[in-house]
Structure formats: structure tokens, C-alpha cells
Protein chains: 2
Amino acid sequence: MKVAIIGCGVIGAGWAARFMLNGHDVSIFDPAPDAERCMREVLAHARSSLPALYDRPLPPVGRLDFARRITEAVTGADWVQESVPERLEVKRSTYAAIEPYLGNEAILASSTSAIRPSKLQELCSQPARLIVAHPFNPVYLLPLVEVVGSDLTPPALKARTAGILQGIGMYPLVLDREIDGFIGNRLQEAMWREALWMIKDGVATTAQIDEAILYGFGLRCAQMGQFETYRLSGGEAGMRHFFAQFGPSLAEPLSHLMDVPDLDTALIDRIADQSDAQSAGRSIREMERTRDASLVALIRALKPRRVGAGGTVRAHEAQLHLQQDGSLPVTARRVIPSSWTEANGHINETHYIEIASNAADALTESCGVTAEYIAAGRSHFTAETHVRYLVELHEGDEITVRTQVLYGTGKKTHLFHRFYGPDEKLAATVEMMILHVDLTTRAVREPLPHVAGALKSLEEAHAHLPRPEEAGTAIRDLRKAKAERARSSQG
Amino acid sequence: MKVAIIGCGVIGAGWAARFMLNGHDVSIFDPAPDAERCMREVLAHARSSLPALYDRPLPPVGRLDFARRITEAVTGADWVQESVPERLEVKRSTYAAIEPYLGNEAILASSTSAIRPSKLQELCSQPARLIVAHPFNPVYLLPLVEVVGSDLTPPALKARTAGILQGIGMYPLVLDREIDGFIGNRLQEAMWREALWMIKDGVATTAQIDEAILYGFGLRCAQMGQFETYRLSGGEAGMRHFFAQFGPSLAEPLSHLMDVPDLDTALIDRIADQSDAQSAGRSIREMERTRDASLVALIRALKPRRVGAGGTVRAHEAQLHLQQDGSLPVTARRVIPSSWTEANGHINETHYIEIASNAADALTESCGVTAEYIAAGRSHFTAETHVRYLVELHEGDEITVRTQVLYGTGKKTHLFHRFYGPDEKLAATVEMMILHVDLTTRAVREPLPHVAGALKSLEEAHAHLPRPEEAGTAIRDLRKAKAERARSSQG
């Protein structure tokens, strides 16, 4: 797919990075002098974080091109993402410049965070192809996109838009009808006005407000929305009981909600000063890196149970396939998240097993041990593992695992994983004995014939390769070696 | 410490569970017939989640006692946590019943989510000892407590309250002055009113609103507050630039903030129906278990970089110590989080190494390889690991690791960890060779003398114990074994 990015601030650049890292070619148009610098910075952040969400490799990165003219960017584009400033006259002139060069099937998506699509469509010669696709910063990590159309928008366009967005790992929230400000920003803005009032009244600082979010309900919001959270407060009696219990207090005038604070210089100065104190000299880039590392760790934490964004990544991951090369199967290829780094400066030993475990799963899955096979009551358990750590690995490194099947007959399968780091350097070996089991009895048992056959074929296909020297070795007994040395020097 | 819990709904029970799991004895008074059932359920949730946040064992669980009279519960209590309904007359009669039995040093803390402490103090005979400690549900997992006093509250009481709360792993946010609704609920309630309007206007469903939170800004809120998030939107130019760019749109009447929706039957019915559809038959208990598992996974994800709640757990963990027993050092004792469970129904192999890695750190730290020692440029790297998985382990199981030092001379240390699961059954062994390195050159190097001495002492102390049979073994070569069997049967 060719994607045109019109307007390359933080949002436009985030879109560009997400499309590129999902294998699409991107052409950018933004006349601002620092657009290219912004793009490079956002792309660097995205490259070191988005792939780290996945236990499978994303497709090869698409090409990036800066167009000198807007027509170059949009000609032949399948998707145009407009992220220009939120002023109707700027949108109008942008659309006027784009539309004559768009193909009939091209989608014109606006990143607007507040303008109704019907208002934007009034600016277009072919209004039916315009749709709002409103993302959240950082676009390359947060899955949410609000997809909003007007009465003029064909339902098929909404569906096609949602499909393309899912294809780049996003969660399209398709609104039933258009409203000002859509959903996410309405909620956030309500909170924000209240926060501004607290600063204005001098009852809390920016740091206190941020802490009230971060240590409390903010954590809840990462895994459950407000209605489900409040449903739990109502207990087994459900939402009606919640209102009976907590409804009346809503009427109390706790806050300034009926009003909007005047953003005068005094208030802006107060906020800016408190915010400077709060960020304590950390640069924006540094804060962004920390944020991205945390978001990757949070989304990864939600993957096992497929909660929220973790479910989005799992669904996307299921569509990703390992490209095979060479004589041994590639069972993993992935980028090291920065959250895997420990105080020593390299990745913690734990994650070698995490990778090896996924690699073994990929191999057995390719032999028929699928989610359905497991659900039907059979699987592999690991009995024994031997890791040799050879070269340090660091955040952002891409690791490729190639797996040799040393034995694959009947109940037992003996795997030898080689981890290759940057420059195809052998970084670790992980030897594993896995046993095929019956999940009901938890006892070791023969696999079903198609699985047994597939594993046996791999054993046979790999049998002509040299047996790895490290296979079957043990950790050395240094006390014994020392005692022997002592004896031989005496002798 | 003796803790009295007055009122044992979801909040009171959450407090009781957090205090108990941090080693304090708890006496509960609540005349409601289902208070005891609520307590048992919340305690079961808390037991299977709170300890799973930590890589160290929490202290032995405190005793739980249901008092038949309020006076029994509060007599001798160091801390009284009042969580009765939010009506002044209920609070008044509760305080009147409690105060005559309180010692001079006792703290009377109220869980009120909205009433100013000065109003509550008017109901007390000794107002100076009342303080607001407002937690967030689930109290046993979320670290935030808003600590609020009035002009009558001695600063020393605020500090003592904060200290006790930190001691049970919470994050006390001490407000400078009292305000209605404090900070967290003001922000949440602003969002909530906006959400109610969207339902009333029929522009979004409860599920859509929850998704807008969960997949978008909710994820951000778990790792960064709103001011810092918006600071990043302003870019390097900071908060002033953010207001120049985004300030004007605040004045636009995007929402109904100036008004409060009427909670009539029609609106409540609509919300309750949508909420029922959204939770699709999942019971409250089931949703709570999912929530808790996600919260544990999220908070654990924030631990490595000490972000938000992850930092709170790390700080608390640093105060926890491993109780020693028997002839080998206990290097880990911990509860298995449910997020470690995989489709097979047991914990994933990865986490055996996570535990072993922490156990090795605990052992070397006890020998002088402290955070300061590492910061000064020396540490241990793992060279080789051999795991044998013997018995399946499950969520909620407590694991104790005992570590034998097989060799501890100079640069090389050979460790043998035994994992004991429920009933002290040997569940796994992890053999490790670790190397002492210079972090600047990344080369293997002798430890400083105090570390070398401590490791050598352990080697000598453990030398008289039998060498584990499994040490020094390798994964068996089944092809060779098969070939030999074939040969011997021919021979």
C-alpha cells in the first residue's frame, strides 16, 4: 500500500512510523522546516518500541520519502492521512490541493481531534471518501483510532477503513454517529478542565494531580473502562445498585464543572512553572523514551490474558508469519524491548527462556500443536533446559532463533535453539527436552499421528547437519577440576 | 500493630486484607449480615494477588477477628479505619461509639471519598486525631491513598499516617489543604459526568466509552499523569507552547460540562442494560479476578524502571527480608501471579529463570554485591544455566528457593537452586554458573575481597553437604541412546 502523510508533526509522524513499520511505503509532505527532524525522531522512538510489543517479526520496513510537492505525495496513494492544523481554512486548501490527484479507491482520512466529518466533507469535491481516523499519541504504540463518518459516509468505507487500521495493529472504534470531540477527548477534556480548576484554585499542584492519576485510577484505566469499574463497585447487584448507592452524591456541587477557567497569563505561568519543577530537567525526548518503554511493558503485560491493548497485539500477531531462510527453521525473530534491560546494561537472563519458549511453541505449532490441538487436550511440557549465554544482548537488538531438532520421535523432542544477535553473531544456545503430554491426566503420551509425523520429519531433515558441540554438555564441576589439578601437581 | 476496621464493605475489607497481608492483626466490626462473606471473598482475591506483586515474601499474615461489639474491635487499636456509609449521622454515631475506647496515640482514619476532614472532626471529642485516608478500589492492590487533614490536624499526625501507609506498601498523597472530593475523585467524576451525558444523548454506548479509555488514554494514565502527557504534546517548547497550540479549543463548548444529567429511570435503565450486555454474563467475582490479574501484571511491568506504582512496590520490597531457616540460605520465597500461567494450566518455564535470577541476586547481594557495588562498576553475569522441571506449579502457589554454593572461589561461582513448591515438594532445580565481571571492560575479573571472602565462606559452609545428584548432568542424547540400544540388541 502507498500511504501519503500530509502534515508531519507528532501525530503525522506517528502515523508514518506505524505504517512503515507495518510494511507500507510512506510519502510525506510537510513544508515546515523541522518536519524531517520530527519524523526522524519519532521513527527512532517507534523502531525501538513498536516491534518490541510483538513476539513475531513485523514485515520488512516500508520506504520513507519526503515529497517536495503535495501532488507527488498523494499521487497513487491508497491512503492519505491528513494531520494539518485544526483550522477549517487550512483543511480546505489542503483538500483542494490533494483531491484532483486521488484515485477513486483512495481513502482520505483526517486526524482531526474535534471537527465533525460532515464539516470536513463540506470542504471536499468528493465528500464520500473522507473519513475521520482520530488516533492517540504516541500513534505508533496506542491502538485506539476513533473512526467517524457522517450520513454521507458509505458503511462500506467505514468497514474498509477499520480493516486497514486493524492491519497495522490498531483498534478502530467505529462511532455510530458523528459528535463533536468524539469520545476519548471528551472524557479527557472533562478531566483536564477539572485539573485546571484545581491549579487555578491553588488546591493541588500539577505533580499532585499527576500522582492522583498514576498511582490510583490511572492504573485501573489501563485494563478496564469506567463503566465496568463502577459495575464492580456496585457488586453482584450490578449497575442499578451502583446508582442507588452512589448516584445521589453526583448531584453535589463538588467541582467547577459548570464553568471553564480563564487561561490567563497567571494561570499558564503557574502551570508551566509547576510542570517544569515536576519534570526536573528531563528533556522531552528522555520523557518520551521512558513513556514508550512503559507503554511497551504495560501492553506486553496485558498480552497473556488478551486484555485491552494486549488483545489487539495478540490478534495482530496471529497474522504475522516467520520468514524462513537457510536449512534450519527460523522459530523466532524479534526486537529486544528496553524493559528487558537490567542494571547490568544487558537483557536479563529470564528473557532468553521467554524467547526459547516462544520459539519452541512456534516450532511445535508448525507441526500441528495449534491452539485447537491444545484446547482438545494435548500439549508439550518442557522437562529440561540448558542455556549458554555467549554474547551480551541489548535493547533494540534484533534476535533470530534457528532451531535444530536433534530428536523428534514419539513422546520426546530434543530441540537445540541458536540465538543470533546483530551481525548474525551467535549470542546464546538453548537446548531443550520437551515432552508430549495428555493435559487431562498430565501424563506423558504419544502425540497424534500428524504431529508425530511432522516432528519425525524435522528430525530426519536435520539429521544430516552436524550435531552441535554444545549439545549434551553439562555445567563443569570446578571443585572436582581443582581437586584433580591439585592431585596431578602432587603426582 | 492492631488495626480496627469499622465497616466492612468492599473498601473496609480491602483495607483489612492489605493490613493483614502486611503482618498486622485486624479486628473487624460490621453488623451487616454479609460483612463476613464480603471479607472472605476480598481476602481470597487479595491473597492471590498482592503477594504476587513482590519478588520478596511479605511478613507472616496477621490474624483476622470479627468483633461482636464495636468496643472490642477498637480497644487497644493503634489504627482505626472507618469505612461506614457517607452520611454524617452514621459517622457521628460511629465516632461516639469508638472514641471513649481509643488510646491517646491511636489514629482514627476515615475512608470518606468526599467529606472534608474538618466536617468529620466536628463530630469528634478529640478532633486532632481524625484524619482522612481515602483509598482506591481494590485497596489491596492500588497504592494511592489521599491523606487529608484540616487546620486542626497536627503536621506530625499527617507524617505519622503517611509513614504507616508506606509501611503497608501504599503511596500516601498528602494534600496541602482540605477540599471537597479531594483530587482523584474530582478528576474521575468529571470524566464520569461526561460519560453519562454521552449515554443520555445516545451518542455512545457504555462499551464504546470503556473502549475509548482502555485502548487509548487509559494506557497512558497508568504510567504518566495528564500534565506530563500534555507537556509531551507541547514538544521541547514545553507547557507554554502546549497552551498556545491547544488552549483556544478548550473554550469551545464540546460538551455538557456546564450541566449535570438527571439520573432518571430511563437513563439508569439504559446504562444498566448496556452494561449487562457489555459484561456478557461474566460474574462480578470473575471480573474482579481478571481485573486483579491485570493490575498485578501492569504494576509488575512498571517495576523494572520504578515508574509509578512499580516504584512504590520496589521501595516497599527493599524493606522486606528473607527469613532464614535450615542449613541452606533461603534466596527466594514468593507467590505465583496468575499472569504467569499459560494455556497449559501451569506457570510458563520462563518464570523459573526469573525466580532463579532473583534468587542468585539475593545470594550475591548478601555477599556484598549491592546496588552500590554494581553502580561502582562490578557485577555478576550468568554464563550457563540448567533447569530441570520436576513438578507443575500453579498460580497462588508459594515457592521457596534454597541455594547451595557448589563453588565460590574467585571469578566463578557455581550455584544450585532447589525450588520447593506446596508441601515442600521439590518442584525444580536450577543450576547456574555465574561470572564476576568488570562492568566497564565487560571482562571477567576477581571480585573485591569482601565479596570473594563471603562467597568462599558459603562454598566452605556448604561443602560438607551432599553434592546434588542432578548437578553436572546434561540433557540426554536420545538418538545416541537409541543407536546404542539398536547395536546392543544386534550384538
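By what turn and shift along the axis can chain B be laid on chain A? I started there, keeping in mind that this is a predicted model. A turn of 180° and a shift of 0.0 Å along the axis do the job, with an RMSD of 0.0 Å. The two copies are therefore related as by a two-fold rotation axis. I then checked the contact surface: 100% of the contact residues of chain B recur in chain A, so the same surface serves both copies.

**Open sheet, chain B**

Next I traced the sheet. I get 8 strands in an open sheet of chain B, ordered β3-β2-β1-β4-β5-β6-β7-β8, with mixed pairing. At the edges I find β3 (64-66) and β8 (171-174) of chain B, each pairing on one side only. I looked up the twist as well: neighbouring strands of this sheet are turned by 25° against each other on average, ignoring direction.

What packs on the sheet from chain A? I find helix α8 (residues 206-221) of chain A there, touching β7 (144-148) and β8 of chain B. The direction of α8 makes about 155° with that of β8(B).

I also went through one strand pair of the sheet. Strand β1 (residues 2-6) and strand β4 (residues 79-82), both of chain B, pair in the parallel sense over 4 bridges. Within that part of the sheet, A4(B) has V80(B) in β4(B) as its bridge partner.

**Strand β13, chain B**

Which strands pair with β13(B) in the antiparallel sense? I noted β10 (residues 378-389) of chain B, over 11 bridges, and β12 (residues 412-420) of chain B, joined to β13(B) by 9 bridges. For single residues, I wrote down R388(B), whose bridge partner in β13(B) is T429(B), and K412(B), which stands opposite L435(B) in β13(B).

β12(B) and β13(B) make a hairpin with 5 residues between them. I checked the turn and found D423(B) with a positive phi of about 60°.

Then burial: 12 of the 13 residues of β13(B) (residues 426-438) are buried, so this strand is largely enclosed by the rest of the structure.

**Helix α14, chain B**

Last, I looked at α14(B), residues 350-366. At 1.5 Å a residue, its 17 residues should span 24 Å, and I find its end C-alpha atoms 25 Å apart, which agrees. 13 of the 17 residues of α14(B) are buried, so the helix is largely enclosed by the rest of the structure. After the helix comes G368(B), and its phi is positive, near 110°.

Conventions:
Residues are numbered from 1 along each chain as its sequence is written. Chains are lettered from A and ligands numbered from 1 in the order in which they are written. This is a predicted model: local features need pLDDT of at least 70, side-chain atom pairs count only at pLDDT 80 or more; totals for chains, interfaces and linings use all residues. Side-chain values use heavy atoms; hydrogens and water are left out. Helices (H or I, at least four residues) and strands (E, at least two) are DSSP runs, numbered from the N terminus. The expected span of a helix is 1.5 Å times one less than its number of residues. Buried means under 20% relative accessible area, exposed over 50%, partly exposed in between (1.4 Å probe, protein chains only). Copies are superposed by least squares on the C-alpha atoms of residues with pLDDT of at least 70 in both. Contact means heavy atoms within 4.5 Å. Two strands pair if DSSP finds at least two bridges between them. Axes are lines fitted to C-alpha atoms, for helices over the stretch in contact, and angles run from 0 to 180 degrees between N-to-C directions.
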